[in-house]
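Subject: Structure handover

Hello,

Here is the structure you asked to take over. My notes on it follow below.

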Amino acid sequence: MASFKPTKIQVYPKLGEKVTQDTLYWKNYKAPVQIKEFGAVTSIDFSPVTPHNFAVTAFTRIHIYGPFSQEPVKSFTRFKDTAYCGRFRSDGQLLVAGCEDSVVRLFDVSGKVALRLFKGHTKAVHLTDFTSDRYQILTGSDDYTCRLWDIPNATELTTYREHTDYIRCGVTSKLNRDLFITGSYDHTVKLFDARVEKSVITMDHGQPVESVLLYPSEGLLVSAGGRHVKVWDLLKGGQPLVSLKNHHKTVTSLALSSNGQRLLSASLDRHVKVYSTTNYKVVHNFDYAASILSLALAPDDESIVVGMTNSILSIKHRKNQEDSKEIAGQQRRRPSYRVFVKGKNYVPKQDDYLVSKPVKEHLAKYDKQLRRFNVSKALDTALETWIRFRKPEITMAVIKELDRRGTLKNALAGRDERGLSQLLNFLIGNFVDARFTPVLVTAAEMILDIYQSIIGQSPLVDRQLLRLQDLVEKELDYQKELLEVLGMLDTMFASSLPRKEVPSPTVDHFPTCSLNTDS
């Protein structure tokens, strides 16, 4: 008796992830290092000078970490309430931060006690930054005001009261010490000039503004708020250029790559999107475990640091050449291909005695049922939940094998309401899949022939049959529309082709022959 042949599972082609240069670049990071902070991480800022330490603002503390340290190299804890927006000065020697108690504190990075206290705001200060000349500080508060302060004298220089809601973000110009930008929950982004008493440009973002970012040339501005990321042309008076809506929750932070060609946005939806600054299309995506509040990129994109609402600080370091060499060395130490194929092509000689061992056959559960001719149980096994949803090609192979044997009708018959509902669910989920349609059409016809007498007895089965009918009708309509479109395209292509004259066949003119007849 011939041995039983297992059911052949057809392998269908899968569309893999498109590998681009961006994919290779942004995936070239090690596994993230995660550090537990004392509260939600609201701000991250890298020092502009080597070794590019970064300040992490979380709860009532600001921790400064080294590029590869997992413990803070410096901590500032002299805050009476929640601290906000720790920012480095361009020389990396001073750090400024706001606080829930409305006091702005200036620290020496090498010291512990605050060098200056700037008092004047009446509510929490969420925005702090240094001007490009290093001698002034910009602050923005929940009291709707933004202020400029003089560092040497610890005095207030100017106050602007144009916003009508909380000021939560802002940035100073690195090219002009008098220019700065603020974003507010009143949906506006304003450009100020310290030499003028009021704002120069006002842009309506349309949502509460959470973050703003200036391009290095400072001709373009990016604002984030709600689900939108918008780009503005400052050289054209704040004209909107593009509006991006790739997140499905509030965008909280923005960052720019070292070469300025990639824009990053972080959101409460736990994603970091990477955009190309030439066409503003998403070229890569990072997933995180919790909602993201802050994002920062190290110079030369050496590290990606993300702060989350669950108090976790996630740090991804770029792989260096030594790591790549180590991985390559590990790969080289693995057994080579020739070890596995050794002896595979050996041909026995005439005098050799071949000792063969019976190969134990391991059959799947549905194949065991098929071998015993339990066709209904074999189909039940192939319709189990994990197979039906994760490996539908196995279910299709069993149905196809039953049809080949001529026992598919027997396997489909005799089912109760639950079994028939399960079968109809599979049909509805895969009927319009071009890979499965030819086989499922046959199965659907058999089901209708077998169970047409019970239509109207089960509301559940009736609803599923109606869904299947709607699905088939829609698919037929789509196919008709596609055929019409194909006909139009064929006509267009035929009319657009250059017309060539077809030479007509030459006609040979034979000389006429006359018959001479005798009169």
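How many bridges join E24 to strand E25, and in which sense do the two run? There are 5 bridges, and the strands run antiparallel, with E25 covering residues 282–287. Before the rest, please note that this is a predicted model.

Overall content

The protein chain has 11 helices and 28 strands. Of its 519 residues, 44% are buried. Contacts between residues at least 6 apart in sequence were also sorted by separation: 44% of them join residues at least 24 apart.

Strand E24 and its partners

E24 spans residues 271–276, and 6 of its 6 residues are buried. Both faces are covered. His 271, Lys 273 and Tyr 275 lie on one side, Val 272, Val 274 and Ser 276 on the other, and all are buried.

Besides E25, E24 pairs with strand E23 (residues 262–267), in the antiparallel sense and over 5 bridges. Tyr 275 of E24 is the bridge partner of Leu 263. On the E25 side, Phe 286 stands opposite Val 272.

Each of these pairings has a hairpin with a positive phi to look at. Between E23 and E24 there are 3 residues, and Arg 270 in that hairpin takes a positive phi near 75 degrees. The hairpin of E24 and E25 has 5 residues between the strands, and there Tyr 280 has a positive phi near 55 degrees.

Helices H5 and H7

The axes of H5 (residues 375–382) and H7 (residues 392–405) come within 9 Å of each other and cross at roughly 160 degrees. An angle over 145 degrees counts as roughly antiparallel, so H5 is roughly antiparallel to H7. The crossing of H5 past H7 is left-handed. From H5, the contact is made by Val 375, Ala 378, Leu 379 and Ala 382; from H7, by Thr 395, Val 398, Ile 399 and Leu 402. By type, these contact residues comprise 7 nonpolar, 1 polar and no charged.

Val 171

Val 171 is in strand E14 (residues 167–172). Its relative accessible area is 13%; buried means under 20%, so Val 171 is buried. Setting aside neighbours within four places in sequence, Val 171 is in contact with Asp 129, Leu 138, Phe 180, Ile 181, Val 212 and Leu 214. Leu 213 is 42 residues away from Val 171 in sequence, with a C-alpha to C-alpha separation of 6.9 Å.

Backbone points in two loops

The loop between strand E2 (41–46) and strand E3 (54–58) contains Pro 51. The peptide bond from Thr 50 to Pro 51 is cis, with omega near 5 degrees. His 52 is in the loop between E2 and E3 as well, and has a positive phi of about 60 degrees although it is not a glycine.

Another loop, between strand E11 (136–141) and strand E12 (146–150), holds Tyr 144. Tyr 144 is a residue other than glycine with a positive phi, near 75 degrees. Is Tyr 144 buried or exposed? Its relative accessible area is 34%, so Tyr 144 is partly exposed.

If you start with one region, E24 is the one with buried residues on both faces and antiparallel pairings to E23 and to E25.

Regards

Terms used
Residues numbered from 1 in each chain as written. Predicted model: local features only at pLDDT ≥ 70, side-chain atom pairs only at ≥ 80, totals over all residues. Heavy atoms only, no water. Axes fitted to C-alpha atoms, helices over the stretch in contact; angles between N-to-C directions. Helix = DSSP H or I, 4+ residues; strand = E, 2+ residues; numbered from the N terminus. Parallel < 35°, antiparallel > 145°, perpendicular 65-115°, else oblique. Left-handed = near helix turned anticlockwise from the far one by under 90°. Contact = heavy atoms within 4.5 Å. Nonpolar A, V, L, I, M, F, W, Y, C, P; charged D, E, K, R; others polar. Buried < 20%, exposed > 50% of the residue type's maximum accessible area, 1.4 Å probe, protein only. Pairing = 2+ DSSP bridges.
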